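Trainee: Could you take me through one part of this model closely, the open sheet and what packs on it, and then show me how the other pieces are put together? I would like to know how far to trust the coordinates before we begin.

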Amino acid sequence: MRQITVSNITIDVVRKDIENLHLAVYPPTGRVRIATPLSVNDEAIRLFAISKLGWIKKHRKNFANQARQTKREYVSGESHYVEGHRYLLNVIYRNATPKVEIRNKKYIDLYVRLNSTVEQRERVMTKWYRQRLKERLPALIGKWQSIIGVQVNNYEVKQMKTKWGTCKREAKRIWLNLELAKKPVHCLEYIIVHELVHLLEGHHNERFIVLMNKFIPQWRFHQTELNQYILSYNDWNY
Ligand SMILES: [Zn+2]
């Protein structure tokens with residue numbers, strides 16, 4: 001791989017048969033890559049990188065912040081995402097049944113018992129995420145089942161490390177990753193469509209792509225968006 005260094009940032013340079021220079025910063029490490037037409041020389045690439053330095057640094061900083069935020073302690077002031085929106089966590093300690101409430105479209109009030117541990121606070125939040133996601137699924141799965149013309153026998157929400165969803169064709173069963181509770185609804189729908197389409201086609205082959213294009217033409221955008229959220233895992237499949 002060809003590389004240049006600009007302002008202490010190493011940039012991978014890929015020469016291709018393309019029209020324009022493309023610049024990208026990738027999570028989770030903030031790797032920078034420039035794809036360039038064959039005709040552009042190193043000096044021009046360097047000048048291009050310098051002109052975009054502000055943009056590069058901004059995105060690298062975002063990824064660094066995101067990576068830091070994946071380690072949650074469930075204390076007041078942390079950012080937590082629900083259905084694609086960011087909220088500030090506000091932890092309230094009191095001796096009553098734990099609960100979670102969204103307030104003023106800005107805060108997540110997390111009510112937990114006095115002296116609760118990180119694990120206990122996390123468990124309350126996880127249960128709440130699961131419940132919210134499960135409440136939304138019947139309508140969404142029902143909608144897409146009738147559009148696609150398939151029917152599942154059952155579906156479940158699971159905590160999975162490496163997959164957004166899975167489909168067992170023989171059992172007509174789909175599993176959806178609990179993490180999807182934090183993502184925008186169109187990302188959740190994209191995964192539902194992906195898993196339901198697997199009932200028609202088990203492999204990620206041409207036929208599968210044709211079906212995806214038919215039912216959810218913008219699916220690649222959702223895929224890209226979902227992949228931007230990949231922070232702590234390298235190899236997400238679905
Ligand atoms: Zn798949």
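Mentor: Happy to! This is a predicted model, and the mean pLDDT of the protein is 90, with 94% of its residues at 70 or more. One stretch deserves care: over residues 231-238 the pLDDT is below 50, although in the model this stretch has 25 contacts beyond near neighbours in sequence. Where pLDDT is low, the predicted coordinates should not be read in detail.

Now to the sheet you asked about. Four strands make up this open sheet, in the order E1-E2-E4-E3, and their pairing is mixed. Strand E1 (2-6) and strand E3 (22-26) are at the edges; each has a single partner strand, so one side of each is left without a neighbour in the sheet. On average, neighbouring strands here are turned by 30 degrees against each other, direction ignored.

Look next at the pairing of E2 and E4. Strand E2 (residues 9-16) and strand E4 (residues 31-37) run parallel and are joined by six bridges. To find your place in this pair, start from Val13, whose bridge partner in E4 is Ile34. Helix H1 (residues 42-51) packs on the sheet and touches E1, E2, E3 and E4. The direction of H1 makes about 45 degrees with that of E1.

For a contrasting kind of pairing, go to E7 and E8. Strand E7 (residues 99-103) runs antiparallel to strand E8 (residues 107-112), and five bridges join them. Lys99 has Tyr111 as its bridge partner in E8. The hairpin of E7 and E8 has three residues between the strands, and Asn104 takes a positive phi near 55 degrees there.

Finally, a helix pair. The axes of helix H4 (residues 185-197) and helix H5 (residues 206-215) come within 10 Å and cross at roughly 135 degrees. An angle over 145 would count as roughly antiparallel, and one of 65 to 115 as roughly perpendicular; the crossing angle therefore makes H4 oblique to H5. The crossing of these two helices is right-handed. On the H4 side, the residues that meet H5 are Tyr190, Val193, His194 and Val197. Facing them from H5 are Phe208, Leu211, Met212 and Phe215. By class, this contact has seven nonpolar residues, one polar and no charged ones.

Definitions and conventions:
Residues numbered from 1 in each chain as written. Predicted model: local features only at pLDDT ≥ 70, side-chain atom pairs only at ≥ 80, totals over all residues. Heavy atoms only, no water. pLDDT = per-residue confidence, 0-100. Contact = heavy atoms within 4.5 Å. Pairing = 2+ DSSP bridges. Axes fitted to C-alpha atoms, helices over the stretch in contact; angles between N-to-C directions. Parallel < 35°, antiparallel > 145°, perpendicular 65-115°, else oblique. Left-handed = near helix turned anticlockwise from the far one by under 90°. Nonpolar A, V, L, I, M, F, W, Y, C, P; charged D, E, K, R; others polar.
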